[in-house]
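Here are my notes from an afternoon of looking things up in this structure. I went sheet by sheet, then on to where the chains meet.

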Amino acid sequence: EAVPPLRPGLGKMSSAEPGRFFCTAGRGLEPFLAREVRARLGATEVDCVSGKVFFRAAAGPGELRKLRSAERLFLLLKKHSPLPVSGNRGKMLHEIKNLVIEEPKYWLDIISVWRRLCGHEGKADDVSQENTLALKRKSEGETNTASKRQKMEQVRAFVSEECQVEAGERCVAPERMSSQECWIESETSSEFPSKGSGENPTANEKLSFSFRVSCRCSGAIAKILTSQEIGRAIGIALVKQCGWRADLRDPDLEIFVHLNDIHSVVGIPLFRLPLANREYIKTAGLRSTVAWAMASLAEISAGALVLDPMCGLGTILLEAAKEWPEACYWGADISDSQLEGADGNIRTAGLMDKIELLKASVKALPLPSESFDSVISDIPFGKKFKIMNDAQLLPDILQEMERVLRVGGTVVLLLSQDLRKLTDGLTKCARSDSPEATADGNSEAAPAKALRVHGNSSSLAHGVGESFLSSRHFGSLVPDGVYAVSLGKTDAFIHKYRKVSAAGNW
Amino acid sequence: KLGHPSELPPEPVPNYEADEEFLRRLHHVLLEVEVLEGSLQCPDSGRRFPISKGVPNMLLTEDEA
């Protein structure tokens, strides 16, 4: 379904204009994101696939920017069924080009929509006008040998290969914001007389719109064509059609093309930096999207007391305090350097009055029993944290967490693949109880089952929880959901528990 | 004990609820002053827990745990 282009020159953009968007998401976070776009943006036509969530929403850039469980946000241009795969490479490349090639006016409309959404207000119309003229000038036969050679060099340079097939977004290195340069360019070009002839081809090159194609391809298509070839073909076609200049380093516009067995998608990222890069976090620890997702499971209400007894750099507390500011947050850690980092983060985020820090051990918390409504923690694992290699520490940790938690309170933990493996009964029960278990990261069925906010634990959750906790008597912590998430290179599991009273209710 | 002896009386004066000035100073001490360096003292044991850069160190020693 192609996005109908909005008319340019609509003046001030009202946030009531609906648009079709999609976000990339770390694997496992799609259901969280689907829920978030509905709740935060009133989104409709929400469609989840592995790694992406599509939706329609009438939202301005300020609101879109607030999405917390998404990696990057794109304006959706094209979403078609997967490209037919044949042995005929030429034919396939032709089909791919057809995906992207449109009349120049289509692109101008899209660009003006995109500019409004990015917050490039005002001059969009003038720029569109001038760009139309620039396009026409180019296609009216500027091709001399010099510019042809230039084009070929650009074509070699611009292809950006992103062959990331597996889970997790690779974080694009933050680029210099060049909106200033953009404006200088457009202001100069608007001074150009809008006459047809007599212009300098070199000047034209400098002032034309620059772009980059980011192409990802996987599945059957990847066996015939590489994303590099596809990106190059698309780029050449766009240069020819629109007269744009290819720029790998710092383009005005990035065009994102994703071809796989599920669909063919073309989009334009709305913001240069991924949404997952938070401007309020100075030093990143756990991926912010995962931290937010964990906090969203804890059921934080106004006046709640929330504890992270192994807070590290405080990422979970920061995400929670930003989203649910009407609660009180406490963080504890035994490491001075981590606490200093957390303190720096808290000050950068301006959350000093919301988050308290303690130097304390999770095995002996200096906190009264039943004093907290929620305990949320990323259990450190891996070679970096030697003390955690011994999984026997886990019951000690859980004991203290359970003690400080009030009846009815929630525990949300992030556990590694390894920690899970160490508890044999855990993975066995997960597989046998439910085929769509999150244990093997099969995310197709998981979105439907993943968000069980209230207590009706499925047999899956019971099996998992009981074997995990049965070695010690944690009868009062009842499992209430398991969610597999990707942390980029590794997978991890969010486990939620609820504390029940001795009578077994809360 | 927080270094504001001149501002606060040692005990609440009678009818302190109506004393705007007193309430303002009390609010400041309770909610706006952040202890960066100092200590917390356990009222039962008298054990002091040092505060450094605003963070109290509540780790127990081997014997205490």
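**Entry 1: the seven-stranded sheet.** I began with chain A of this predicted model, where 7 strands make up an open sheet. I read the order as β12-β11-β10-β13-β14-β16-β15 (chain A), with mixed pairing. Which strands sit at the edges? I found β12 and β15 (477-486) of chain A there, each pairing on one side only. I also looked up the twist: on average, neighbouring strands of this sheet are turned by 15 degrees against each other, direction ignored.

Next I checked what packs on this sheet. Helix α12 (residues 315-323) of chain A does, and it touches β10 (305-308), β11, β12 and β13 (372-378) of chain A. I noted that the direction of α12(A) makes about 175 degrees with that of β11(A).

At the β15 edge I looked at the pairing in detail. β15(A) runs antiparallel to β16 (residues 491-499) of chain A, and 8 bridges join the two. For a landmark on screen I picked Val485(A), which has Ala492(A) of β16(A) opposite.

**Entry 2: a hairpin in chain A.** I then moved to β2 (residues 44-49) and β3 (residues 52-57) of chain A, an antiparallel pair joined by 4 bridges. Opposite Val49(A) I found Lys52(A), in β3(A). How many residues lie between the strands of this hairpin? I get 2, and Gly51(A) takes a positive phi near 85 degrees.

**Entry 3: the sheet of chain B.** Here I found 3 strands in an open antiparallel sheet, in the order β1-β2-β3 (chain B). I marked β1 (38-41) and β3 of chain B as the edges; each has a single partner strand, so one side of each has no neighbour in the sheet. β1(B) pairs with β2 (residues 48-52) of chain B over 4 bridges, in the antiparallel sense. One pair I wrote down is Ser39(B) with its bridge partner Pro50(B) in β2(B).

I stopped at Gly54(B), in the loop between β2 and β3 of chain B. What does Gly54(B) touch beyond residues up to four places away in sequence? My list reads Glu34(B), Val35(B) and Leu36(B). Val35(B) is 19 residues from Gly54(B) along the chain, yet their C-alpha atoms are separated by 5.6 Å.

**Entry 4: where A and B meet.** I looked up the contacts between the chains: 9 residues of chain B against 11 residues of chain A. The buried area comes to about 820 Å², and carbon and sulfur atoms give 63% of that. Which three residues supply the most of the area that chain B buries against chain A? Val55(B), Met58(B) and Leu59(B) do, with 55%.

**Entry 5: the second largest pocket.** Last, I opened the second largest pocket, which holds about 780 Å³ of space. I see 28 lining residues, with Met352(A), Glu356(A), Val33(B), Glu34(B) and Gly54(B) nearest the centre. So Gly54(B) and Glu34(B), a contact I noted above, turn up again by the pocket centre.

Elements that each supply at least two lining residues are β11 (328-333), α13 (336-349) and β12 (355-359) of chain A, along with α1 (20-32) and β3 (55-56) of chain B. β12(A) gives the most, with 4 residues; I had already met β12(A) as an edge strand. By type, I have the lining as 20 nonpolar, 1 polar and 7 charged residues.

Note on methods. Residues numbered from 1 in each chain as written. Chains lettered and ligands numbered in written order. Predicted model: local features only at pLDDT ≥ 70, side-chain atom pairs only at ≥ 80, totals over all residues. Heavy atoms only, no water. 1 Å grid on protein atoms, 1.4 Å probe; cavity = no way out; pocket = protein on both sides within 12 Å on 5 of 7 lines; lining within 4 Å. Points joined across faces, edges and corners; volume = space filled by probe spheres on them. Nonpolar A, V, L, I, M, F, W, Y, C, P; charged D, E, K, R; others polar. Pairing = 2+ DSSP bridges. Axes fitted to C-alpha atoms, helices over the stretch in contact; angles between N-to-C directions. Contact = heavy atoms within 4.5 Å. Buried area = accessible area lost by both parts, 1.4 Å probe.
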